[in-house]
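I opened my notebook for a friendly walk through this model. My plan was to look up strands, rings, charges and surface, and to write down what turned up.

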Amino acid sequence: MNTKKWTISIGLTIGIVAGSIFFTPAIMKASEDVILASVDWVTAQLNPIKTQISTLQAKIDAQQKEIDSLKQQLAKQAALPSTVYATKSKTAIRSGASTSYKIVAYKNAGESLKVISALSSSQGVWYYVQASSTVKGWVSYSDVSTTRGTASSNQKTVVTITKTNIRKGASTSYPIIETVERGAVLLFIQSFTNKQGEIWYNVQTNSGKRGWMAGYLGEVK
């Protein structure tokens with residue numbers, strides 16, 4: 001009977017000792033290190049793949065933007081008129097697509113212009129046109145029409161004789177809303193004499209903005 005007790009006791013002791021050996025903090029730390037190393041390895045393998053995916057996605061986005069841009073260009077070309085007609089008695093044709101460029105020719109109301117191309121800018125859409133057999137230039141879409149017409153008998157314009165500031169009101173104390181170059185043709189709306197006795201013109205620019213300019217800076221046509 002005593003022999004059995006000793007046998008059981010020795011077995012339990014061996015089990016406890018073996019358990020303490022296999023589950024010591026050092027062994028457990030080594031196991032954790034192995035697991036962490038495995039995670040790091042997997043992460044290291046996945047990172048280049050993630051980078052490649054991001055790069056490919058950026059290329060796809062860029063190509064999509066290019067496709068959208070081409071679609072817009074095709075839509076504009078499809079809508080581009082072959083001929084436009086001047087709507088003002090003195091429609092300005094300029095060397096560039098902005099009122100800051102010099103005037104290279106004038107067209108009377110109803111005269112036709114062959115359209116070569118178009119451009120969208122901060123001043124709206126501009127048409128590149130054939131003004132004559134030797135002159136090409138740009139005209140604002142607001143100064144032409146796709147249908148032939150004639151100028152109304154009471155329509156007037158103001159041609160600037162120098163670089164001119166267009167202001168919010170009829171005085172230099174008002175802020176500037178646009179500056180136009182010498183030779184700009186503006187739609188004349190009305191004139192006004194302020195408290196200082198100065199004559200100011202209420203005008204509309206080619207970009208569609210309405211404001212006031214000092215009368216001595218332009219000539220009403």
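Entry 1, strand pairing. I count two strands as paired if DSSP finds at least two bridges between them. With that in hand, I looked up β2 and strand β3 (residues 103-107), and they pair in the antiparallel sense over 4 bridges. This is a predicted model, so I treat every value here as computed. Across this pairing, R94 stands opposite I103 in β3. Then I asked myself: are the faces of strand β2 (residues 91-94) covered or not? Both are covered, with T91 and I93 buried on one side and A92 and R94 buried on the other.

Entry 2, a charge over a ring. I checked K90 next and found its charged end over the ring of Y106, 4.7 Å from the ring centre.

Entry 3, around β5. I followed strand β4 (residues 112-121) to β5 and found 7 bridges, with the two strands running antiparallel. In this pairing, V115 has V129 of β5 as its bridge partner. On to β6: 5 bridges join β5 to β6, again antiparallel. There I noted Y127 opposite V139 of β6. The connection from β5 to β6 is a hairpin through 5 residues.

Entry 4, aromatic pairs. How many aromatic pairs are there by the rule I used? The count comes to 3. I describe such a pair of rings by the distance of the centres and the angle of the planes. I looked up Y128 and W138: their ring centres are 4.9 Å apart and their planes stand at 35 degrees, so this pair is tilted. The two rings link distant parts of the chain, with Y128 in strand β5 (residues 124-130) and W138 in strand β6 (residues 136-140), 10 residues apart. Y128 is partly exposed at a relative accessible area of 25%, whereas W138 is buried at 15%. I then turned to F188 and Y201, an edge-to-face pair with 5.6 Å centre to centre and 80 degrees between the planes. This pair also links distant parts of the chain: F188 belongs to strand β11 (residues 185-193) and Y201 to strand β12 (residues 199-204), 13 residues apart. Both F188 and Y201 are buried.

Entry 5, a glycine in a loop. I found G215 in the loop between β13 (210-214) and β14 (218-220). Is G215 buried or exposed? Its relative accessible area is 9%, and buried means under 20%, so G215 is buried. I also checked G215 against T193: they are 22 residues apart in sequence and 9.5 Å apart in space, C-alpha to C-alpha.

Entry 6, salt bridges. I found 2 salt bridges in the structure. In one, K163 meets E181, with the closest N and O atoms 3.9 Å apart. It links distant parts of the chain: K163 is in the loop between β8 (157-160) and β9 (164-167), and E181 is in the loop between β10 (176-180) and β11, 18 residues apart. K163 counts as exposed at 53% relative accessibility, while E181 counts as partly exposed at 24%. K221 forms a salt bridge with E219, where the closest N and O atoms are 3.2 Å apart. Here K221 is partly exposed at 44%, and E219 is partly exposed at 41%.

Entry 7, the surface. Which residues form a nonpolar patch on the surface? I wrote down W41, V42, L46, I49 and I53, with about 490 Å² of accessible area together. I looked closer at L46, which is found in helix α2 (residues 25-79). L46 is partly exposed, at a relative accessible area of 41%.

How values were computed. Residues numbered from 1 in each chain as written. Predicted model: local features only at pLDDT ≥ 70, side-chain atom pairs only at ≥ 80, totals over all residues. Heavy atoms only, no water. Patch = residues over 30% accessible without salt bridge, like charges linked within 9 Å, V, L, I, M, F, W, Y side chains within 5 Å. Areas by Shrake-Rupley, 256 points an atom, 1.4 Å probe, with all protein chains shown as cover. Salt bridge = Lys/Arg side-chain N within 4 Å of Asp/Glu carboxyl O. Buried < 20%, exposed > 50% of the residue type's maximum accessible area, 1.4 Å probe, protein only. Phe/Tyr/Trp six-rings, centres within 6.5 Å; stacked < 30°, edge-to-face > 60°. Lys NZ or Arg CZ within 6 Å of the ring centre and 35° of its normal.
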